[in-house]
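The following questions and answers examine a model of a protein with its nucleic acid partners. Please consult the structure shown here before reading on.

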Amino acid sequence: MHWLMKSEPHEFSIDDLARRKREPWTGVRNYQARNHLRDDMQVDDEVLFYHSSCEEPAVAGLARIVRAAYPDPTQFERKSDYYDAGSRKDAPRWLAVDVGFVRRFAVPVTLARLKTIGAPLEGFRLLMRGNRLSVFPVSPDHFHHILALERTT
DNA sequence: GCCAACGTTGGC
DNA sequence: GCCAACGTTGGC
């Protein structure tokens, strides 16, 4: 499948991922997003890496799932922002995946631009009202349309 | 099970 | 900083 994953670039950007090569995607604390990780994400799935809550929200690059879902260790770390006292080790509530760097877009595909596309991106979740989910599937058509936007500027 | 209050996300 | 749109929590 294809995915979009949001990250705030001042926390973790596509450039950070480029340096690290791969990174555990921890801290997902929304059941719908968790279910996507658990049920549908597979190694080698491609990911649009989206920068949110920043000056120019945009799809900033491409990533890939390099490890399928496993218990998110941060839920058991008392000092972590993501600590969950209600989660038990024998029945972990939250999951993580590992994400690998593929490439950084030379020119980010901005949210502002995506909004001008219209029909070809009908139903693309990022553009829909009230969208807050940090991880969601992208149809192959939408995914490839966005890659084409990167090439045409 | 309802629903008000509260917290979070994220664009602007 | 503001606000819309959700999701979660907790009293009843």
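A polar contact is a pair of N or O atoms within 3.5 Å; within protein, one must be able to donate a hydrogen and the other to accept it, and residues adjacent in sequence count only if both atoms are side-chain atoms. This is a predicted model, in which local features need pLDDT of at least 70 and side-chain atom pairs count only at pLDDT 80 or more, while totals for chains, interfaces and linings use all residues. Residues are numbered from 1 along each chain as its sequence is written, chains are lettered from A and ligands numbered from 1 in the order in which they are written, and side-chain values use heavy atoms, with hydrogens and water left out.

Q: Which residue places a polar backbone atom 2.9 Å from a phosphate oxygen of DNA strand B?
A: Two side chains also supply polar atoms to phosphate oxygens of this strand: that of K6 at 2.8 Å and that of Y50 at 2.7 Å. The backbone atom, at 2.9 Å, belongs to S53.

Q: What percentage of the atoms of DNA strand B that come within 4 Å of the protein do sugar and phosphate account for?
A: A residue is near a strand if one of its heavy atoms lies within 4 Å of it. The residues around DNA strand B are K6, Y50, S52, S53, P57, L111, K115 and R132. Of the strand atoms within 4 Å of the protein, the sugar and phosphate share is 76%.

Q: Which residue has a side-chain N or O atom 2.7 Å from a base oxygen of DNA strand C?
A: The residues around DNA strand C are Y31, R129, G130 and R132. The side chain of R129 has an N or O atom 3.1 Å from a phosphate oxygen. The atom 2.7 Å from a base oxygen is in the side chain of R132.

Q: Why does the pair of W25 and F49 tie together parts that are apart in sequence, and by how many residues?
A: Rings of Phe, Tyr and Trp (its six-membered ring) pair if their centres lie within 6.5 Å, and planes under 30 degrees apart count as stacked, over 60 as edge-to-face and the rest as tilted. W25 and F49 are edge-to-face, at 5.8 Å centre to centre and 90° between the planes. Because W25 lies in strand β2 (residues 22–25) and F49 in strand β3 (residues 46–51), the pair joins parts separated in sequence by 24 residues; strands (E, at least two residues) are DSSP runs, numbered from the N terminus.

Conventions. Helix = DSSP H or I, 4+ residues; strand = E, 2+ residues; numbered from the N terminus.
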